[in-house]
Each structure stands twice: as structure tokens, then as C-alpha cells.
Amino acid sequence: MLVKNNVNTIKNCNHCNEVLFTDLNWTVSNKKKCNYICVTCSSLKQKYGINKKQYERILFLQNNVCAICGCEEIAKVNKNIKNKTKRLCVDHCHKTGKIRSLLCLNCNQAIGKLKDSPQLLRKAAEYLEKHNAINKPIE
């Protein structure tokens with residue numbers, strides 16, 4: 001179980017070696033061993049079984065962009081931060097848990113809403129192509 005610590009010290013994440021200001025962004029996975037893990041590594045490990053370095057390797061292999069639309073997602077996190085890069089989503093098969101690729105939020109949600117079905121995605125594309133052809137302005 002992960003336990004929050006209130007000590008104001010600097011440590012390194014045991015997974016990615018990132019410098020951590022422990023009062024802000026770390027958890028201790030084992031009190032006796034003091035395995036300091038940053039929030040990102042902790043989340044990636046719990047959800048997908050990878051750490052931040054593995055995530056960054058996948059991102060590098062994708063040229064730092066979404067595997068579908070090619071965008072590097074920028075999101076407004078809060079009103080005090082104008083633009084902050086938001087991590088791409090780890091897309092994975094919900095049946096096997098196998099990681100497929102990294103996607104922007106829009107692409108990840110789109111394929112999720114279409115139930116990860118290639119048939120539904122093709123139907124949606126055909127639908128859009130059909131209606132875009134009809135709605136073209138007459139010259």
C-alpha cells in the first residue's frame with residue numbers, strides 16, 4: 001500500500017530517477033525500504049505495469065505524437081498555467097491489458113466510445129465520407 005509522507009526533503013524516484021520534492025509528489029511503497037516513487041511512475045505502474053522511462057521510450061518511438069492523429073496534446077491544466085503539455089494516454093486492450101500505443105485524449109476517447117471496434121470505426125468513417133460528399137457546396 002502506498003503511504004504519503006510529510007517530510008520536506010529531496011529524493012530520487014527509484015523507477016525513473018527524477019528528483020522529487022517529497023512534500024509534493026511522491027509516495028513510499030514500503031516504509032522499511034523507503035522506495036520513493038514519483039506520482040507518474042506510481043500511476044503508470046499501477047494501471048499499465050510500466051514506469052516513466054518505458055512510457056518515454058514508447059513516446060520516442062512514436063516521434064512524441066499521438067499514434068492516430070499525430071498531435072502533441074497541449075491542455076490548459078488550470079487558469080494559472082496557460083499551456084502545459086499533457087501526457088498522451090496509454091492505449092491498451094481492455095481484455096488482455098496489452099499496451100497498444102500512446103494516443104491523445106480525443107483519439108483515445110473516440111475509439112473507446114466506439115467500443116474499440118474496427119467495424120464501428122469503419123462505419124463511422126463511411127458515414128462521414130457519405131455526408132461530407134453530399135454537403136459539399138454546389139458550384
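## Exercises on a predicted model

E7 and strand E8 (residues 99-103) form an antiparallel pair joined by four bridges. The model is a predicted one.

**Exercise 1. Describe the hairpin of E7 and E8 and name the residue in it that has a positive phi.**

Solution.
1. Start with the pairing: E7 and E8 run antiparallel.
2. Pick out a bridge: Asp91 has Ser101 in E8 as its partner.
3. Turn to the connection: six residues lie between the two strands.
4. Check the backbone there: Gly97 has a positive phi, near 80 degrees.

**Exercise 2. Place E7 and E8 in the order of elements along the protein chain.**

Solution.
1. Count the elements: the protein chain has four helices and eight strands.
2. Read them from the N terminus: β-β-β-β-α-α-β-β-β-β-α-α.
3. Locate the pair: E7 and E8 are strands numbered from the N terminus, and the last two elements of the order are helices.

**Exercise 3. Is Gly49 buried, partly exposed or exposed? Describe its surroundings as well.**

Solution.
1. Find the position: Gly49 comes after H1, in the loop between H1 and helix H2 (52-61).
2. Read the backbone: the phi of Gly49 is positive, near 75 degrees.
3. Apply the cut-offs: buried means under 20% relative accessible area and exposed means over 50%. Gly49 has 42% relative accessibility, so Gly49 counts as partly exposed.
4. List the contacts: with neighbours within four places in sequence left aside, Gly49 touches Leu44 and Gln54.
5. Relate Gly49 to the hairpin: its C-alpha atom is 9.2 Å from that of Gly97, a residue 48 positions away along the chain.

**Exercise 4. Which element gives the most residues to the lining of the largest pocket?**

Solution.
1. Take the volume: the largest pocket holds about 330 Å³ of space.
2. Take the lining: 14 residues line this pocket, and those closest to its centre are Ser43, Leu44, Lys47, Arg87 and Leu88.
3. List the elements that give two or more residues: helix H1 (39-48), strand E7 (89-92) and helix H3 (105-113).
4. Compare them: H1 gives the most, with six residues.
5. Sort the lining by class: eight residues are nonpolar, three polar and three charged.
6. Look back at H1: its buried residues include Leu44, which is also among the residues closest to the pocket centre.

**Exercise 5. What share of the 139 residues of the protein chain counts as buried?**

Solution.
1. Read the share: 24% of the residues are buried.
2. Add the surface: the accessible surface is about 10,500 Å², with 53% belonging to carbon and sulfur atoms.

Definitions and conventions
Residues are numbered from 1 along each chain as its sequence is written. This is a predicted model: local features need pLDDT of at least 70, side-chain atom pairs count only at pLDDT 80 or more; totals for chains, interfaces and linings use all residues. Side-chain values use heavy atoms; hydrogens and water are left out. On a 1 Å grid over the protein atoms alone, a cavity is a set of points where a 1.4 Å probe fits but cannot get out, and a pocket is an open set with protein on both sides within 12 Å along at least five of seven lines; lining residues have an atom within 4 Å of a point. Grid points are joined across faces, edges and corners, and a volume is the space filled by probe spheres set on the points. Ala, Val, Leu, Ile, Met, Phe, Trp, Tyr, Cys and Pro count as nonpolar, Asp, Glu, Lys and Arg as charged, and the others, Gly among them, as polar. Two strands pair if DSSP finds at least two bridges between them. Buried means under 20% relative accessible area, exposed over 50%, partly exposed in between (1.4 Å probe, protein chains only). Accessible areas come from the Shrake-Rupley method with a 1.4 Å probe; for residues, only the protein chains shown count as cover. Contact means heavy atoms within 4.5 Å.
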